[in-house]
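Here is my note on the model you sent. The points are numbered so that you can check each one against the structure.

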Amino acid sequence: MIVRIMGEGQLTLADGRLAELNKLDDELMAEMETGDGPGFRATLQALLAKVRELGEPLPDDSLEPSDLILPSPDATLEEVRELLSDDGLIPGGA
């Protein structure tokens with residue numbers, strides 16, 4: 001799976017790793033529903049850090065179609081709301 005973090009680049013991530021990301025995605029969804037800005041910010045940072053940890057960066061000159069697009073680290077709560085599906089940011093969650 002190819003994952004793009006907006007403003008950063010793309011990483012390859014094994015499909016089996018999505019389950020590890022879903023817990024953070026569920027937390028992010030809950031914080032968005034309650035309007036917990038500080039919690040949202042911390043969880044978004046943790047989610048992106050986990051993707052960077054589990055993923056393998058693609059070369060900067062590589063441009064592959066992204067299977068999953070995640071917000072930039074400085075995205076606002078409103079910007080992230082626009083990217084959400086029923087499952088959250090990560091497919092197969094909530």
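1. Start at the surface. This is a predicted model. Met6, Ile69 and Leu83 make a nonpolar surface patch of about 240 Å².

2. Look at one member of that patch, methionine 6. Methionine 6 sits in the loop that links strand 1 and strand 2. Its relative accessibility is 37%, so methionine 6 counts as partly exposed; the partly exposed class runs between the 20% limit for buried and the 50% limit for exposed.

3. Now the strands on either side of that loop. Strand 1 (residues 2-5) and strand 2 (residues 9-12) are antiparallel and pair over four bridges. One pairing to check is arginine 4, whose bridge partner in strand 2 is glutamine 10.

4. The two strands form a hairpin, with three residues between strand 1 and strand 2. In the turn, glycine 7 has a positive phi of about 85 degrees.

5. Strand 2 has another partner to note. Strand 3 (residues 56-57) runs antiparallel to strand 2, and two bridges join them. Here threonine 12 has glutamate 56 as its bridge partner in strand 3.

6. Next, the largest pocket. The space in the largest pocket comes to about 180 Å³. Its lining has 13 residues, and the closest to the centre are Glu8, Gly9, Gln10, Leu58 and Asp60.

7. Which strand gives the largest share of that lining? Strand 2 does, with three residues. Strand 1 and strand 2 each supply at least two residues of the lining. Glutamine 10 thus appears twice in this note: as the bridge partner of arginine 4, and among the residues closest to the centre of the largest pocket.

Notes. Residues numbered from 1 in each chain as written. Predicted model: local features only at pLDDT ≥ 70, side-chain atom pairs only at ≥ 80, totals over all residues. Heavy atoms only, no water. Pairing = 2+ DSSP bridges. Patch = residues over 30% accessible without salt bridge, like charges linked within 9 Å, V, L, I, M, F, W, Y side chains within 5 Å. Areas by Shrake-Rupley, 256 points an atom, 1.4 Å probe, with all protein chains shown as cover. Salt bridge = Lys/Arg side-chain N within 4 Å of Asp/Glu carboxyl O. Buried < 20%, exposed > 50% of the residue type's maximum accessible area, 1.4 Å probe, protein only. 1 Å grid on protein atoms, 1.4 Å probe; cavity = no way out; pocket = protein on both sides within 12 Å on 5 of 7 lines; lining within 4 Å. Points joined across faces, edges and corners; volume = space filled by probe spheres on them.
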